[in-house]
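Me: Got a minute to go through this one with me? I'd like to start with what the accessibility words mean.

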Amino acid sequence: PAAAPPPAYKPPGPVFPTPPTSFPSVPPSHPAPPPSVSPPFHPPAPSPAPAPAPSYPAPAGSHRTNAAAAVGGTSHEHALRAQDQATKLCRYAISALQYSDVPTAITNLEAALNILRTS
């Protein structure tokens with residue numbers, strides 16, 4: 001006996017319903033907003049010029065001669081600059097350690113110690 005042939009393929013019907021060709025005319029439930037009107041532009045008034053910084057007299061004993069200023073200041077100012085430089089080198093060392101760069105950290109710490117020892 002011969003096998004029966006498979007049934008012929010029949011495509012399914014439409015998956016989505018057919019959209020309507022016209023829509024009912026219904027008035028909107030709310031009125032349309034009024035046209036947008038921007039307020040007139042008023043440029044800001046110019047601000048007054050800032051007042052100059054007050055000038056205070058220098059504390060007693062803080063006067064430097066022009067010669068001291070020309071060579072870089074007092075020894076106290078030199079020590080402060082040295083401390084600032086050493087602090088900066090220590091920050092660089094910490095940053096190097098955050099990246100596991102031990103040789104750079106050691107170099108920066110040694111430089112900071114050298115500045116502090118010689119200032």
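Reply: Sure. Buried means under 20% relative accessible area, exposed means over 50%, and partly exposed is in between. Keep in mind that this is a predicted model.

Me: Okay. Is L97 buried, exposed or partly exposed?
Reply: L97 has a relative accessible area of 46%. That value lies between the 20% and 50% cut-offs, so L97 is partly exposed.

Me: Where is the place of L97?
Reply: L97 is in helix α2, which covers residues 75-98.

Me: Which surface patch does L97 help make?
Reply: A nonpolar one of about 250 Å². V102 and I106 make the patch together with L97.

Me: Back up a bit. How many helices and strands are there?
Reply: Three helices and zero strands. Along the sequence the pattern reads α-α-α.

Me: What span should α2 have, and how far apart are its end C-alpha atoms?
Reply: α2 has 24 residues, and at 1.5 Å a residue they should span 34 Å. The expected span takes one less than the number of residues, which is why 24 residues give 34 Å. The end C-alpha atoms are 35 Å apart, which agrees.

Me: Which residues of α2 are buried?
Reply: A82, A86, L89, A93 and A96.

Me: What do they pack against?
Reply: The buried residues of α2 pack against α3, residues 102-118.

Me: And what follows α2?
Reply: S100 does, with a positive phi near 60 degrees.

Me: Let's switch to α3. Is N108 buried or exposed?
Reply: N108 sits in helix α3. Its relative accessible area is 13%, under the 20% cut-off, so N108 is buried.

Me: What is N108 in contact with?
Reply: Leaving aside neighbours within four places in sequence, N108 is in contact with L89, Y92 and A93. L89 and A93 are among the buried residues of α2.

Me: What about L113, which helix is it in?
Reply: L113 is in α3 too. At 42% relative accessibility, L113 counts as partly exposed.

Me: How far apart are the C-alpha atoms of L113 and L89?
Reply: They are separated by 9.4 Å. Along the chain, L113 and L89 are 24 residues apart.

Me: Last topic, the whole protein. What share of the residues counts as buried?
Reply: 8% of the 119 residues.

Me: And how much accessible surface does the protein have?
Reply: About 11200 Å². Carbon and sulfur atoms account for 66% of that surface.

Methods
Residues are numbered from 1 along each chain as its sequence is written. This is a predicted model: local features need pLDDT of at least 70, side-chain atom pairs count only at pLDDT 80 or more; totals for chains, interfaces and linings use all residues. Side-chain values use heavy atoms; hydrogens and water are left out. Patches are made of residues with over 30% relative accessible area and no salt bridge: like charges are joined within 9 Å, nonpolar side chains (Val, Leu, Ile, Met, Phe, Trp, Tyr) within 5 Å. Accessible areas come from the Shrake-Rupley method with a 1.4 Å probe; for residues, only the protein chains shown count as cover. A salt bridge is a side-chain nitrogen of Lys or Arg within 4 Å of a carboxyl oxygen of Asp or Glu. Helices (H or I, at least four residues) and strands (E, at least two) are DSSP runs, numbered from the N terminus. Buried means under 20% relative accessible area, exposed over 50%, partly exposed in between (1.4 Å probe, protein chains only). Contact means heavy atoms within 4.5 Å.
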